[in-house]
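Biologist: Could you take me closely through one part of this model, and then follow the contacts outward from there into the rest of the chain? I would like a connected account, with the distances and accessibilities kept in view.

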Amino acid sequence: MNLVIEEEFSLAQLTPNANTIDLQPIESLDAFGVVTLVCLIQDRATTQQQTILPGRADVQQWLSKIGFFTEVTRRCQNQVIGIDETLPMPMAASGNDAFTSVRYSTPGDERRVADDFRQSFGAFGYGEDLLNIGGCIIGEAGDNSRAHAHCSSHFMVNGTFAPRNLRIGIADLGSGLLTAFRRNPNHSHLDDNRALLTSLLARHSGTQTPRRGNGLTELLKWTMTLKGTLRIDSGGRTLKIECGTEEVIARVLDWLGWSRIGEIYKSHSKYHGLTPALQMPVCDGLRGTRIGVILEDRTAVDISRQTANDLVEQFLRKL
């Protein structure tokens, strides 16, 4: 299985029983997969000690490099056995891969994480637009966890050089986006798909406080500016918006088989050459919220918050 932003995966494949997590089925993972895996282990360790079975040699080595096992040991203390704690490598680039260590952001710390990210990846020649937008996404997603889920977040970023892109993963073990959003009586009646998509609308929040509820709209806007991909997993549902060109979308969807699974919604002329596509499959019921973003290193296009909001409204009309 591949724990990456593009693919659906079942975490049940990694949990053969109540006290074991088996990493062997994992063939590859990105930043989104890493933070998802950290949350899975941490969540299970709150109720029962977990034994971690080692994975494939290449996966095991990469997890060691990024400080995965160190972070799991730190978060779960004596509730996890079967792993050798190793110190992570500093920000590094090897072959076609660049990465940061998995981080745990305490409330209010997300801006420093974003600044560290910009400085680290800037040293390897990533473009200014990519670094600035990636930093905004990290800061906004972390702030969203703190304000609405009332908890801290796990962060990681990994990148490639050919093609040059970044993958950002942010995850928390809070109440979950759907639960938090439905605390607002105006949203309590919405089904899962409509609630998850509505949460991306501007000025729609889990609270009734005026002028709140723009954070997720901003995440979509920034993803659109670099024709990237935004994925949100929460409450057993996935929301994934692919903002690339029509050619890229067709190739990715055909590869994943999504064009044969369900209806794909596309819009054309008004999004500055973008052809956004929406998928909303069922996902694992791990508590909290996980956000994954893929950003290509290109010149940003001018996308406003209103344009992002219009796209969400179009998707809602098609549900």
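Modeller: Let me begin with strand S15, residues 289–296, which is largely enclosed by the rest of the structure because seven of its eight residues are buried. Please keep in mind throughout that this is a predicted model. Strand S15 pairs with strand S10 in the antiparallel sense, over eight bridges, and with strand S11 (residues 229–234), again in the antiparallel sense, over six bridges. Within these pairings, arginine 167 stands opposite isoleucine 294 in S15, while isoleucine 232 is the residue that stands opposite isoleucine 291 in S15.

Arginine 167 is a good place to leave the strand pairing and turn to the side chains. Its relative accessible area is 15%, so arginine 167 falls under the 20% limit and counts as buried. The side chain of arginine 167 meets that of aspartate 30 in a salt bridge, with a distance of 2.7 Å from N to O. This pair links distant parts of the chain, since arginine 167 belongs to strand S10 (residues 164–172), whereas aspartate 30 sits in the loop between strand S3 (28–29) and helix H1 (31–45), and the two are 137 residues apart. Aspartate 30 is buried as well, because its relative accessibility is 2%.

A second salt bridge leads to another region, and here the partners are arginine 305 and glutamate 218, whose side chains meet at 2.8 Å, N to O. Arginine 305 lies in helix H10 and glutamate 218 in helix H8 (residues 215–225), so this pair ties together parts that are 87 residues apart in sequence. The accessibilities of the two partners can be set side by side: arginine 305 counts as partly exposed at 33%, whereas glutamate 218, at 10%, counts as buried. Returning to arginine 167 and aspartate 30, salt bridges that share partners join these residues with Glu6 into one network.

Helix H10, which spans residues 305–318, also holds glutamine 306. Glutamine 306 is partly exposed, as its relative accessible area is 45%. Its C-alpha is 8.7 Å in space from that of lysine 221, although the two residues are 85 apart in sequence.

The salt bridges described so far are among a total of 14 in the model. One further example is formed by the side chains of glutamate 71 and arginine 74, with 2.5 Å between N and O. Both of these residues lie in helix H3 (residues 68–76), where they are three residues apart, or about one turn of the helix. Here too the partners can be compared by burial, for glutamate 71 is buried at 3% relative accessibility, whereas arginine 74 is partly exposed at 46%.

Helix H1 offers a view of a polar side chain, that of glutamine 42. Glutamine 42 counts as buried, with a relative accessibility of 16%, and its side chain makes a polar contact with the side chain of histidine 154 at 2.9 Å. If residues up to four places away in sequence are left aside, glutamine 42 touches Arg75, Cys76, His154 and Leu173.

Cys76 brings up the matter of disulfides, and the count of these in the model comes to zero. For cysteine 76, the nearest cysteine sulfur is that of cysteine 39, which is 9.9 Å away, and cysteine 76 is in no disulfide. As a disulfide requires two cysteine sulfur atoms within 2.5 Å, the distance of 9.9 Å does not satisfy that rule. Cysteine 76 is buried at 7% relative accessibility, and cysteine 243 is buried too, with a relative accessible area of 0%.

Finally, there is an open sheet of three strands, in the order S2-S4-S5, in which the pairing is parallel. Its edge strands are strand S2 (20–22) and strand S5 (80–81), each of which pairs on one side only. Strand S2 and strand S4 (residues 50–53) are joined in the parallel sense by three bridges, and aspartate 22 stands opposite leucine 53 in S4.

Conventions. Residues numbered from 1 in each chain as written. Predicted model: local features only at pLDDT ≥ 70, side-chain atom pairs only at ≥ 80, totals over all residues. Heavy atoms only, no water. Buried < 20%, exposed > 50% of the residue type's maximum accessible area, 1.4 Å probe, protein only. Helix = DSSP H or I, 4+ residues; strand = E, 2+ residues; numbered from the N terminus. Salt bridge = Lys/Arg side-chain N within 4 Å of Asp/Glu carboxyl O. Pairing = 2+ DSSP bridges. Polar contact = N/O pair within 3.5 Å; in protein donor to acceptor, adjacent residues only side chain to side chain. Contact = heavy atoms within 4.5 Å.
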